[in-house]
Amino acid sequence: MLSRLHELLFPSVSGVAVVAVHTDGEAIRIDARCTPAGAACPECGQWSARIHSSYLRFPADLPTAGRRARLALRVRRFLCTATACGRRTFVEQVPGLTRRHGRVTERLRRTMGAIGLALAGRAGARLAHVMGIATSRTTLLRRVMDLPDPAVSEPRAVGVDDFALRRGHVYGTVVIDAETHQVLDLLPERDAATLAPWLRAYPGIKVICRDRSGAYADAAATAVPQALQVADRFHLWQNLAVAVEKTVAAHRSCLRGLPPASPEPEPEWETPVEAALGQGDEADDPTGKFAERARTHHALVHDLLAQGMGLRHIARHLGWGRHTVQRYARAARWQDMVKGRKRQLRSKLDPFKPYLAQRWAETDGRITVLDLHREITARGFRGHYSTVRDWARRDLPQRKGITPPPPPPSVRKVTGWLTRHPATLTEEEKLHRKAVLDHCPELETAACLVGSFAEMLTTLSGTRLPDWINDATDADLPGISSFAVGLHSDFDAVTAGLTTDWNSGPVEGAVNRIKMLKRQMFGRASFGLLRKRVLLAT
């Protein structure tokens, strides 16, 4: 019976025998003793079997069957037989179970360390209480800090990036192995003086993936000049997008007075279903962006069904949910997808619409929208001018021969049209983009430069970079030309980023994990604890 208890309670611990088990309410006491004939002196290593005395130790152990367990372990004190040893007596320890002055067993210590790594202090203490482990949040954090750092092999390629310790104020540096994606270290600053000593300790580094930061470039050039520096492609594209926004802002005047975008003929599969079936009245069809999208998607799904594709295949092909495809497939007409949808929401402008219409009729449309907004504001309207403007353009009858021009697209919107992949633009966005480029030759040149840089970035054809820099510089575009000139100062790293497969994507993933751990600790923990959790959690 006792041997069976030993197998259940101490399956991986040798040198211990269970003597008895007692239950006392919600706690269990396990009486045990050490079985080896002797022990080695911890100072000189001399083996001794001469027993001086014995006593009981009461380390807390892992819960058993949902009850807290306390171990009553009888240990022996031995006499050291080596005359040259400075220790006269010593107490035996059970490997994997006890340590000197330990008040908990080693397996309970490891469990508390794992809970602390996963959940930090407060949440970990709550889980430990549910599991039957009596501990506090500070104890869990101490167990985490007691864990040794993971062993780090000599890295061949590393990735470097910064992360926020306190967003906008304090930043640190994360270093990962670019091949295994393991976090190697966290540094408390993001300057060259902090990173250079770390890099100098690993002279075998051959590749350094980084962003466009000058501090990281200086540290790499100082500590490991033989390493290949690789500028990350994501940051290059991000820098180009900022430059394009400056270019568009400098040509903001070109965005005014754009000719109306002429829609192109619809593809055959986008024709309304009722036109082919002879059902429905076009005058009664729903209108709006949602209705247009429902009509297009309904026709697309039914066209794929006609080709013999199944619902799951269509969902995978379009990247939609299976139930979404199922709803479109079951609808006989696209109008059924928008049946019962609210056409118009209530607006705070509704009580004032009769007055606005009356004033517009009295002045024959000669009153300005700004005056209308001022008059209803004096009568209690608390909305914005744009609310009145949009309603007036949409619902009020315009004067004959006068059509208000459409508002020009914003700088940010035009920047998105130039920097996004053309396949991701809607048909309406493609028409507006074409109208902008036809109206402004400078933005047409900018679009060509963005497209050629995107092709270099996606096909890793960085050998064309010098020609691109010359073309961008000769274009004399604010923003893009400055971006091209700035590439000269980091030319080798940018060329490596556009010709090799190395990138900083794994580093960004490590930064996201750091953000998750910071949120878990509510930003109140020290840098040392954050570093320990990041290194051991990965």
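Q: What makes the pairing of the threonine 173 side chain with the backbone oxygen of glutamate 189 a polar contact?
A: In this predicted model, a polar atom of the threonine 173 side chain lies 2.6 Å from that backbone oxygen. The cut-off for a polar contact is 3.5 Å between N or O atoms, so the pair qualifies.

Q: Why is threonine 173 called buried or exposed?
A: Its relative accessibility is 0%, and buried means under 20%, so threonine 173 counts as buried. You'll find it in strand β10, residues 170–177. Beyond its neighbours within four places in sequence, threonine 173 touches a set of residues including Val160, Phe163, Leu187, Arg190 and Tyr216.

Q: How do you know that the buried residues of α5 line one face of the helix?
A: The buried ones in α5 (residues 192–200) are Leu195, Ala196, Trp198 and Leu199. Looking down the axis of α5, they fall within an arc of 165°, so they line one face. What do they pack against? Their partners are β9 (157–166), β10, β11 (183–187), β12 (207–210) and α6 (214–223).

Q: Why is valine 130 called exposed?
A: Valine 130 has a relative accessible area of 68%, and exposed means over 50%, so the label fits. This residue sits in helix α3, residues 122–131.

Q: What makes a nonpolar surface patch here, and which residues are in it?
A: Leu127, Val130 and Met131 make the patch, which covers about 270 Å². Patch residues need over 30% relative accessible area, so valine 130, at 68%, clears that cut-off.

Notes. Residues are numbered from 1 along each chain as its sequence is written. This is a predicted model: local features need pLDDT of at least 70, side-chain atom pairs count only at pLDDT 80 or more; totals for chains, interfaces and linings use all residues. Side-chain values use heavy atoms; hydrogens and water are left out. Patches are made of residues with over 30% relative accessible area and no salt bridge: like charges are joined within 9 Å, nonpolar side chains (Val, Leu, Ile, Met, Phe, Trp, Tyr) within 5 Å. Accessible areas come from the Shrake-Rupley method with a 1.4 Å probe; for residues, only the protein chains shown count as cover. A salt bridge is a side-chain nitrogen of Lys or Arg within 4 Å of a carboxyl oxygen of Asp or Glu. Helices (H or I, at least four residues) and strands (E, at least two) are DSSP runs, numbered from the N terminus. Buried means under 20% relative accessible area, exposed over 50%, partly exposed in between (1.4 Å probe, protein chains only). A polar contact is a pair of N or O atoms within 3.5 Å; within protein, one must be able to donate a hydrogen and the other to accept it, and residues adjacent in sequence count only if both atoms are side-chain atoms. Contact means heavy atoms within 4.5 Å. The arc is that of the directions from the helix axis to the C-beta atoms.
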